[in-house]
2 protein chains.
Amino acid sequence: MHVSTILAQKGNAVYTVEPGQMLTDTASLLAKNGIGSVVVVDAGKDICGILSERDIVHALASDGTSAMSRPVKDYMSKDVVTCTAEDSINHLMELMTKNRIRHLPVVEAGRLNGIVSIGDVVKCRIAEAEAESDALKAYIATG
Amino acid sequence: MHVSTILAQKGNAVYTVEPGQMLTDTASLLAKNGIGSVVVVDAGKDICGILSERDIVHALASDGTSAMSRPVKDYMSKDVVTCTAEDSINHLMELMTKNRIRHLPVVEAGRLNGIVSIGDVVKCRIAEAEAESDALKAYIATG
């Protein structure tokens, strides 16, 4: 299974914010849409960071509630690990474990084309296991 | 593979807080220890909730920064889904996907005995896949 399988199900939509957006507005965006991170893009639509729920909690822990009125760029992760639609789910699992991250933006020809969360990966692995089980049952039934 | 395999590696430690602890102190606890949730226990050490990074972001989105000086009990999830050391990793993946959660406290004989995150589950699946691959290579080499 590959990233393209996940994108075919969930679509290519990605929530983005600009580096100057206030942290409080970004927290509202995450909560409103039930998502765990947003990709930060500059005026030229290039990826310049990613901001997750964890970054918000760490911002509060470092700077208190005043962090919420500061810009996203002060707290985002700047080293963004990305993947492509052709990457395998196993490769994603390795990237997420190695980097201790839960979200991987999908990039195609330099353009943002989706995002995969650790929840999407686990959901995909369950679907895969169920499909294998069904195939085995069908094989036994016709054997 | 079972939950006990994960606990053998990561140990049985679980960070807990009381329902009356302020959200701001809980955010600091999460950040300081690099964890994504804490189990909320009452005076009798019974589990009464769980509070995650997501709950903190949702609290900020609903009530603004004043949420940070309110108690954990106002924002924790009260319906806590738990698992046991004997549960399979596949079962955990199903529980996490179905309930859209990333942490499962491990309970044995009514007592809290560990916690497993979605990151732990994915790490375990990679280790499993690598072990299978090594076994296959060894089989081919000696074949």
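Good morning. Read along the sequence, chain A of this predicted model follows the pattern α-β-α-β-β-α-α-β-β-α. That amounts to 5 helices and 5 strands in chain A.

Let me begin with the overall dimensions. The C-alpha trace of chain A extends about 65 × 30 × 30 Å along its principal axes. Chain A has 143 residues, and 40% of them count as buried. Among the contacts in chain A with a separation of 6 or more, 55% are between residues 24 or more positions apart. The surface that chain A exposes comes to about 7,400 Å², with carbon and sulfur atoms supplying 50% of it. As to charge, chain A carries 14 positive and 18 negative side chains. The centres of these two sets lie 4 Å apart.

I turn now to the pair of chains. How is chain A laid on chain B? A turn of 180 degrees, with a shift of 0.0 Å along the axis, lays chain A on chain B with an RMSD of 0.0 Å. That is the relation of a two-fold axis. The same surface serves both copies, since 100% of the contact residues of chain A recur in chain B.

The interface itself can be described in numbers. On the side of chain A, 28 residues are in contact with 28 residues of chain B. The size of an interface is often given as the accessible area lost when the parts come together. Here, chain A and chain B bury about 2,600 Å² between them, and 70% of that area is on carbon and sulfur atoms. Which three residues supply more of the area that chain A buries against chain B than any other three? They are Glu53(A), Val57(A) and Val122(A), which supply 20% of it.

Two of those residues bring us to helix H3 of chain A, residues 53–63. Its buried residues are Glu53(A), Asp55(A), Ile56(A), Val57(A), Ala59(A) and Leu60(A). An α-helix has 3.6 residues a turn, so residues three or four places apart point the same way. What covers the buried residues of H3(A)? Within chain A, the cover includes helix H2 (23–33) and strand S3 (47–52). From chain B, the cover includes helix H2 (23–33) and helix H3 (53–63). Just after H3(A) comes Gly64(A), with a positive phi of about 70 degrees.

A positive phi also appears in a residue other than glycine, namely Lys45(A), where the angle is near 70 degrees. Lys45(A) lies in the loop between strand S2 (37–41) and S3 of chain A. Is Lys45(A) buried or exposed? Lys45(A) counts as exposed, at 63% relative accessibility. In chain B, Lys45(B) likewise has a phi near 70 degrees. Lys45(B) is placed in the loop between strand S2 (37–41) and strand S3 (47–52) of chain B, and its relative accessible area of 63% makes it exposed.

Next, some residues of chain B. Val17(B) belongs to strand S1, residues 16–17. With a relative accessible area of 3%, Val17(B) is buried, because buried means under 20%. Leaving aside residues up to four places away in sequence, Val17(B) touches Thr26(B), Leu29(B), Val38(B), Val39(B), Val40(B), Val41(B) and Val72(B). One of these, Leu29(B), is in helix H2 of chain B. With the same exclusion of sequence neighbours up to four places away, Leu29(B) touches Tyr15(B), Val17(B), Ile35(B) and Val38(B). Val38(B) is therefore touched by both Val17(B) and Leu29(B). 

The last residue on my list is His103(A), which is found in strand S4 of chain A, residues 103–108. Is His103(A) buried or exposed? His103(A) is buried, with a relative accessible area of 14%. Which residues does His103(A) touch, not counting residues up to four places away in sequence? Within chain A, they are Gly36(A), Ser37(A), Ile50(A), Met96(A), Ile115(A), Val116(A) and Ser117(A). From chain B, His103(A) touches Arg102(B). His103(A) and Leu23(A) are 80 residues apart along the chain, and their C-alpha atoms are separated by 19 Å.

To close, I return to the pair: chain A and chain B are related by a turn of 180 degrees, and about 2,600 Å² is buried between them. Thank you.

Technical notes. Residues numbered from 1 in each chain as written. Chains lettered and ligands numbered in written order. Heavy atoms only, no water. Helix = DSSP H or I, 4+ residues; strand = E, 2+ residues; numbered from the N terminus. Buried < 20%, exposed > 50% of the residue type's maximum accessible area, 1.4 Å probe, protein only. Contact = heavy atoms within 4.5 Å. Areas by Shrake-Rupley, 256 points an atom, 1.4 Å probe, with all protein chains shown as cover. Lys, Arg positive; Asp, Glu negative; His and termini not counted. Charge placed at Lys NZ, Arg CZ, Asp CG, Glu CD. Least-squares fit on C-alpha atoms with pLDDT ≥ 70 in both. Buried area = accessible area lost by both parts, 1.4 Å probe.
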